Every structure is written in C-alpha cells, then in structure tokens.
Amino acid sequence: MLSAVSKALGGSDEMLLQTLQSVGEPLKWQKQKKEEWLSSEQGMEPSSTWRPNFWGKDLEKELTQYWTAQIPHFIPTGDTDETALKQHLSQLETTFLPKLEHRSGFFKEAGLLIPYARCCHASLSSHFSALTDSEHCTFSQGLLVYEWCLKAYRRGSGTWLGHRQSSEHIDVQSLMWIILKTEEKLLAVARKEVGKALNEAFDAGKTPCTDAAIIQILTEKTKAAHHISESLREKVEAVCLEEYLSFLDSYENKVKSLLQHDGFHGISSSLRTIENFCILRNVWYNLTYLCSASTDQDVKIKGIIDRTEDKITEHLLQTVTAEVKGTLKDHFRKSDSGFGRILEFLQQSFLVFKKKKTEKYQGLVKSVNNIITEEYVQALLATSRKSSVRRRRQIVSKMEEDHRMLQTTFKECLGPTADALKDPIKIILGLIQAPDAEGTKIALLPMLSQFPDLREEHLSAVLDIKESLRQEDRIALLKIFHDNCRKPDIESNLLFEDIEVEGGMCARCCCFCS
C-alpha cells in the first residue's frame, strides 16, 4: 500500500488522490474504532485479526523521506556566499513550497492533512537545521534564513500549507518552531562571531583596533537585525553586550600572566595592555549611548576595566622603577651604564602609545618622569660622598649630558607641557656650578621653594660635589637652609622624602662622618 503512495506521488494528481483515499479509509476506520474502544466500558482494545496498527507512522516516514529528497540540494561550505544562499531560498519559495501547498489539497480531501503537515515540518526543519548548523554558517547567512522563514510565516498567515483550521495548528506550530530554532542558532552564531572578533582585535601579536572598529564589531549585527524586527534587534544586542562582558572577564585573566613579565618586555606589554583598556573604556562609554545596557552590566564592566587598568599601571611603574634603579646603581662609576638606552626605549614606546591619543598618556609619562628623576637623584647623592675632585668633575659632566637626554626625551613625549615638569637635576646643577658664594646662595633658594622635603643631609651631599667651597660658605648655606626650611604641604612635590643619604662631610670638622 505504501509503495503505491510513493509511486502515486510521482504521478498525476488524479492517481495521487485515488491512492490517498484508499489509504485514508482504513486509517479513518482505525481512528473511529479506537475512539469507540476508549469510550466503551470495557476500557481495553479487543483483539482483531486485521487493523492497520502502524500504517500512520509508516505513511509519515514514507512522506518525510519523499519530500526530503525533493528539497533542492544545497550544502553550505566555506566558499558559500550570500548570493548562492539567496538563490537557494528563492528556489524553495518559488518551486518547492508551491508544490507542497498544491499536494496538501489532496491529502486534506483524503483526511490525511495532519500527518502530511507533520512530514512537511520534519523535512523542512531538517533542511533548515542543516543550513544553520553548519560550521560555515555566518551571522549574515543565518539572518537570511531567519528572515525568509519569518516572511513565509507572515505571507501564509502562519502556515506553510494554507489550511490553518483543517491542520489543527500542526502546521502553525511547526513553522513557529522552525523560526524559534533558527533564531536560537542565529544568536549562537552572533555570540561566536563577536567573541572571535574581539579576541582577534586584541591579539598580542597585532596592532590594536580603533575604538570605531570595536564599536562596529559590537553594533553591526544589531543594526542588521533591526530591519527584520525590533524583538530580534533587542536579542542580538543583548547577546553582543553579554559577549563583551565575557571577553573582558577572560581578558582580565590574561592580563594576570602579563604581570609576571619584567624588563623591557614587561614595559612594552604593559603599555600595550593599558592602551587596550583605554580603547575598551572608550568603547563601553559609546556603547552606553548606542545600546540598552543594564545597570548591572555597566557596574561590572566599569569595575573590570578600572581594576585591571590599575593593576597593569602599577606593574608598569614598578617595572620602570626596577629597570631605572638597576641601571643607575653604578651609573656614575661607569662610562656607559645603559641609562641612555632606557630613555630611548621609553621614548619610542611612549610615542607609539601617544598615537592612540589616550587620556592616560600624559599622566603615565609624568609618573615615569617622576620615577626617573627620583631614582637619578638617589643615585647621585649616594655616589657623591667621598668622591675625589676628578670624580666630582666627571659626575657634573655626566649630569649635564644626562639632563640634556632627559629634556629631549620628555619634550618629545609631552611637547610644551614638559616645561611644567619639576627639574631637580637642573636646580642641582645650578647650585653646583654657581661661580661664587653669593651665586650659590641664590641658586639654593629655588631648591628650597620647590622641594620643601629637602633635608640637611641631602643639601650636604649636593655641596660635596661642588668644588672650591670654603667651610664658612658651607656653614652659611646650611644656615640659610635652616632659616628657610618648612614643613611640606600634603600636595607638595615630595622628591627627597624617601631618599636616604649615608655618611657625609661634617659641617664643622670638614671630615667624613658616619
């Protein structure tokens, strides 16, 4: 009997109707008998020598196989473009669906519309799953499939077959189920593509993307979904924002490994990461105007950015401090300690960072300037004690050269704003190179005014470098210091506060005391 149905499907409409009616009658008889048995007082089905127990299921299986084979062949690959998919969907719309709807009339007349609707659902849902389950399916391709299904739903008043009442909503439910499943897969693809794009954008081996490029990654799918429905737009937007938060979570964990790096690599990787978080901060600021982010998302994302940026900034400054301190340890005893190489590296690194025009840039450069200045003065005061006349002249010559390099480096990085930086090396040089006692007293005043945390041992160490300083002049300078020293304000530039000086020339006996 079923082989006759299969043969009739490929024949004329008249042959198909006659065959379906011959199959439909026994199935109808079976349904009536079952209703009688269920309504009888016996409550059990009587035994029978003949009834079509499995004909209904067998018929559905046969029809499903038949219609599945009739669907135009299409397998998405990595080379599949949207044009090919559009042509396939158009072929379904113009040839396959009309054929389904045309045949549905014969099944309805034979009383077999419900099993027919189930078969159509099974065939089409399997095909659309194949289209959207493929690893090669992109968001834009999935969106085409979703839009096609939605249009088919609206065009057919919610059905594939045009028999809404007679199919007892089986057709309506099947089409809606396919739409919902396609939407589910579409959102999964959106999540996957956004996550991949974000990871590639902030890959350690690549130049960071611009703010605009990251915003496009997060909003282009939302904009594409908007022309289909507002509901889909909201769902796609929510997925993109969730993936942004997820990316930040994972990126924060990656940053922890960067905190293990030191030396020049640690400095460059820290700057790159700070740059990335400046971009991520600006991106989120713009997204809050473009998308409907929740308060909870806003708090979490800002928290991750602030927390991680603070950690990596602290690591950067600690790494710079360690490198500069190590280089300056024997700086005044060696002809080339590598101090110039550090300044050159920092200049190049900061100039690359500057191109991104981040708000963090000025503050970072100024902090590094403070670190270098403090470590330099610390090394200078530690070296100046017990130095010979020849060594003192070499120290002054090196200070002049280092000062020129520092000026060049930070003017290149900061431009005109570099003039506002405190310059203790210039002040110390002015004090050391003053030609006479009166000039030295005048040169001391800016040091006292700009650095209120200067202590007597600091001044003594600086005076130790100065040549031809008479004892009475030294005593007079120290008196000026005591007369003008003041308690530093909280907001003062505390350069000397943490600098310790061990052993120096006594102001009274002119000998070196510990």
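**Exercise 1.** Which side chain meets lysine 411 in a salt bridge, and what is the N to O distance? Classify both residues by accessibility.

*Solution.* The model is predicted.
Step 1: the partner of lysine 411 is aspartate 419, at 3.8 Å from N to O.
Step 2: a salt bridge requires a side-chain nitrogen of Lys or Arg within 4 Å of a carboxyl oxygen of Asp or Glu, so the 3.8 Å of this pair meets the criterion.
Step 3: lysine 411 has a relative accessible area of 42%. Partly exposed covers the range between 20% and 50%, so lysine 411 is partly exposed.
Step 4: aspartate 419 has 57% relative accessibility and therefore counts as exposed, the cut-off being over 50%.

**Exercise 2.** Describe the salt bridge between glutamate 243 and arginine 191, place both residues in the fold, and state how accessible each one is.

*Solution.*
Step 1: the closest N and O atoms of glutamate 243 and arginine 191 lie 3.9 Å apart.
Step 2: glutamate 243 belongs to helix α9, residues 230-258, and arginine 191 to helix α7, residues 170-201. The two residues are 52 apart, and their pair links distant parts of the chain.
Step 3: glutamate 243 has a relative accessible area of 13%. Buried means under 20%, so glutamate 243 is buried.
Step 4: arginine 191, with a relative accessible area of 32%, is partly exposed.

**Exercise 3.** Give the N to O distance for glutamate 457 and arginine 455 and classify both residues. Then name the residues that shared salt-bridge partners join into one network.

*Solution.*
Step 1: the side chains of glutamate 457 and arginine 455 form a salt bridge at 2.7 Å, N to O.
Step 2: glutamate 457 is partly exposed, its relative accessible area being 28%. Arginine 455 is also partly exposed, with a value of 23%.
Step 3: the network formed through shared partners consists of Arg191, Glu242 and Glu243.

**Exercise 4.** Summarise the chain as a whole: secondary structure, burial, contacts, exposed area and salt-bridge count.

*Solution.*
Step 1: the secondary structure comprises 18 helices and 2 strands.
Step 2: the chain has 514 residues, of which 46% count as buried.
Step 3: take the contacts between residues at least 6 apart in sequence; 74% of them join residues at least 24 apart.
Step 4: about 26800 Å² of the chain is exposed, and carbon and sulfur atoms supply 50% of that area.
Step 5: the search of the whole structure yields 23 salt bridges.

Technical notes:
Residues are numbered from 1 along each chain as its sequence is written. This is a predicted model: local features need pLDDT of at least 70, side-chain atom pairs count only at pLDDT 80 or more; totals for chains, interfaces and linings use all residues. Side-chain values use heavy atoms; hydrogens and water are left out. Helices (H or I, at least four residues) and strands (E, at least two) are DSSP runs, numbered from the N terminus. Buried means under 20% relative accessible area, exposed over 50%, partly exposed in between (1.4 Å probe, protein chains only). Contact means heavy atoms within 4.5 Å. Accessible areas come from the Shrake-Rupley method with a 1.4 Å probe; for residues, only the protein chains shown count as cover.
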